[in-house]
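Reader: Please take one buried position in this model and look at it closely. Then follow its surroundings outward, as far as they can be traced.

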Amino acid sequence: MKHVKIEIFIPREDSRKLIDKINEAGYLKEENYDYCYAETYVLGHFRPIEGANPYIGSLNKIEEVQESKLEFRIRREDLEEVMGIIKENHPYEVPVINIIELIDLD
């Protein structure tokens, strides 16, 4: 079975809502466990420039935001559905989402 690792950067106050949605859809399950994910607190930086419609901050001002980096693995075949959940529930105009192919040893 092919897996990918998803990394998402999201404001801390929005992380649980997103994780709940992904878990409720059944994508954070590993055998007899659900809510299988990791969360690391990070300090995110960005500056909205002309044309942006920022969720946080204002144009031309560098922002520092307490964010969560959420990490979990899913089956490769579920990627499109999970990305739909993320995009529907992520507050940022342009969220940072990293998708990393994993090597399955089975």
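Author: Isoleucine 19 has a relative accessibility of 0% and therefore counts as buried, the limit being under 20%. The model is a predicted one. Isoleucine 19 sits in helix H1. Setting aside residues up to four places away in sequence, isoleucine 19 touches Leu28, Tyr35, Tyr37 and Leu70. Glutamate 7 lies 12 residues from isoleucine 19 along the chain, and the two C-alpha atoms are separated by 12 Å.

One of the residues that isoleucine 19 touches is Tyr35. Tyrosine 35 belongs to the loop between helix H1 (12–24) and strand E2 (38–46). The C-alpha atoms of tyrosine 35 and isoleucine 19 are 7.6 Å apart in space, with these positions 16 residues apart in sequence numbering. Tyrosine 35 has a relative accessible area of 30%, so it is partly exposed, a class that runs from 20% to 50%. Apart from residues up to four places away in sequence, tyrosine 35 touches Arg16, Ile19, Asp20, Asn23 and Leu28. With aspartate 20 there is also a polar contact between the side chains, at 2.8 Å. Leu28 is among the residues touched by tyrosine 35, and it is also among those touched by isoleucine 19.

Leu28 leads on to phenylalanine 72. Beyond its neighbours within four places in sequence, phenylalanine 72 is in contact with Val4, Lys5, Ile6, Ile8, Ile22, Leu28, Cys36, Tyr37 and Val82. Phe72 is also one of the residues with the most contacts inside the largest nonpolar core, along with Ile6, Ile8, Leu18, Ile22, Ile74 and Ile86. That core has 17 residues. At least two of them come from each of strand E1 (3–11), H1, strand E3 (63–75) and helix H2 (79–89). The greatest share is that of H2, with 5 residues.

Glutamate 71 is in strand E3 as well. Its relative accessibility is 16%, and since buried means under 20%, glutamate 71 counts as buried. The side chain of glutamate 71 makes a polar contact of 2.7 Å with the side chain of lysine 5. Outside its neighbours within four places in sequence, the contacts of glutamate 71 are Lys5, Ile6, Glu7, Tyr37, Ala38 and Thr40. Tyr37 thus recurs: it is in contact with glutamate 71, with phenylalanine 72 and with isoleucine 19.

Next comes H2. Its buried residues are Leu79, Val82, Met83, Ile85, Ile86 and Asn89. Viewed down the axis of H2, these buried residues fall within an arc of 160°, so they line one face of the helix. On the other side of H2, Glu80, Lys87 and Glu88 are exposed. The cover over the buried residues of H2 includes E1, H1, E3 and strand E4 (96–101).

The last feature is a pocket. The largest pocket holds about 340 Å³ of space. It is lined by 16 residues, and the closest to its centre are Phe46, Pro48, Tyr92, Glu93 and Val94. E2 gives the most to this lining, with 3 residues.

Technical notes:
Residues are numbered from 1 along each chain as its sequence is written. This is a predicted model: local features need pLDDT of at least 70, side-chain atom pairs count only at pLDDT 80 or more; totals for chains, interfaces and linings use all residues. Side-chain values use heavy atoms; hydrogens and water are left out. Helices (H or I, at least four residues) and strands (E, at least two) are DSSP runs, numbered from the N terminus. Buried means under 20% relative accessible area, exposed over 50%, partly exposed in between (1.4 Å probe, protein chains only). Contact means heavy atoms within 4.5 Å. A polar contact is a pair of N or O atoms within 3.5 Å; within protein, one must be able to donate a hydrogen and the other to accept it, and residues adjacent in sequence count only if both atoms are side-chain atoms. A nonpolar core is a set of buried Ala, Val, Leu, Ile, Met, Phe, Trp, Tyr and Cys residues joined through side-chain atoms within 4.5 Å. The arc is that of the directions from the helix axis to the C-beta atoms. On a 1 Å grid over the protein atoms alone, a cavity is a set of points where a 1.4 Å probe fits but cannot get out, and a pocket is an open set with protein on both sides within 12 Å along at least five of seven lines; lining residues have an atom within 4 Å of a point. Grid points are joined across faces, edges and corners, and a volume is the space filled by probe spheres set on the points.
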